[in-house]
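Trainee: Please show me the model, and let us discuss its ring contacts and its enclosed space.

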Amino acid sequence: MYNPIASLGGFFLLMLQEMGGMALMFLKALSYTFRPPFRFKLLFKQMEFVGVKSTLVVVLTGLFSGMVLALQGYYGFRKFGGESLLGATVALSLLRELGPVLTGLMVTARAGSAMAAEIGTMRVTEQIDALEVMAVNPVHYLVVPRLWAAILMVPLLTVLADVVGILGGYFVGVVLLHIDSGIYIAKMRELVELSDIANGLYKAFVFGAILAIVGCYKGYHARGGAEGVGKATTQAVVISSISILVADYILTSLLFG
C-alpha cells in the first residue's frame, strides 16, 4: 500500500545522503589539493574549458541582462522622475545578484553538465576502476582540477558579465533613452561601493565550488550505462541550479543583511 509519508521521508533521507556525499567529496578534494603530484597541466586544461570556452555565453547573458534592466528600470523610474538612478540600479543589480547568479547558471549548463557527463562516462566504461588499479586516486585526478578551475574561473567570468552588463545598460540608458551621461555615471559612482563588488565575487567563488562538486559527484556515482550517464547529467544541472539559487539567498542574507 502506498504511504505518502514514508515516500516523503525516503525522499528527504535520500537528499540528506546526497548532500553528505557531496560534502565528503568536497572535503576530500580540498585535502588532496595540497598533496603531490600537483597536476597543473590538468588544472590549466580545465580552466580553459570552464573559463575561456564559457566566455561567449557569459558575455551575451551579461550584455542583454544589463540592457533589459536599463529598459525596464527606465520605464519604472520615469513615473516619478528618478531616471538619474538608472545607472546605479543597473550596476547594483548586476554586481550584487544577477552577475554571479546568471554566470553560475550559465557555467552550470555548459561546463557543469560536461563534468557530469565526462566523469559518468568514465565510470560506466570502468575507466575510473582502471585508475584505481593503477594506484591513481580518482578524486585527486578528476575532481581536484575541475573544482579549482571552477572556483578560479567563475569569479573572473562574473567580472566579465558585470562589466559587459553595465556597458549594455549604459548604451540603452544614455544612447537610446537619452539620459545625461554625466548624471548616469555620477550616481553610479556615488551609490556603488567596493563591498558590493566584493560580495558579488564571494558568491561567485561559492557558486563555482557548488557546480563543480555537484557535477563531479553525480558523474562519479553514475550507474546504468548511457541512460545512467544521461540521468546523472540532468540531475547535476538541476541540483546545481537549485543549489546556486538557495545559496544566493543565504549569502545575500549574510552579506547584505
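Trainee: How many aromatic pairs does the structure hold?

Mentor: This is a predicted model, in which local features need pLDDT of at least 70 and side-chain atom pairs count only at pLDDT 80 or more, while totals for chains, interfaces and linings use all residues. Residues are numbered from 1 along each chain as its sequence is written, and side-chain values use heavy atoms, with hydrogens and water left out. Rings of Phe, Tyr and Trp (its six-membered ring) pair if their centres lie within 6.5 Å; planes under 30 degrees apart count as stacked, over 60 as edge-to-face and the rest as tilted. The aromatic pairs in the structure number four.

Trainee: What is the geometry of the pair formed by Phe77 and Phe80?

Mentor: Phe77 is buried (under 20% relative accessible area, 1.4 Å probe, protein chains only), at 14%. Phe80 is exposed (over 50%), at 58%. With 5.8 Å centre to centre and 85° between the planes, the two rings are edge-to-face.

Trainee: Over the ring of which residue does the charged end of Arg123 sit?

Mentor: A charge sits over a ring if NZ of Lys or CZ of Arg is within 6 Å of the ring centre and within 35 degrees of the ring normal. Arg110 lies over the face of Phe49, at 4.5 Å from the ring centre. For Arg123, at 4.6 Å from the centre, the ring is that of Tyr220.
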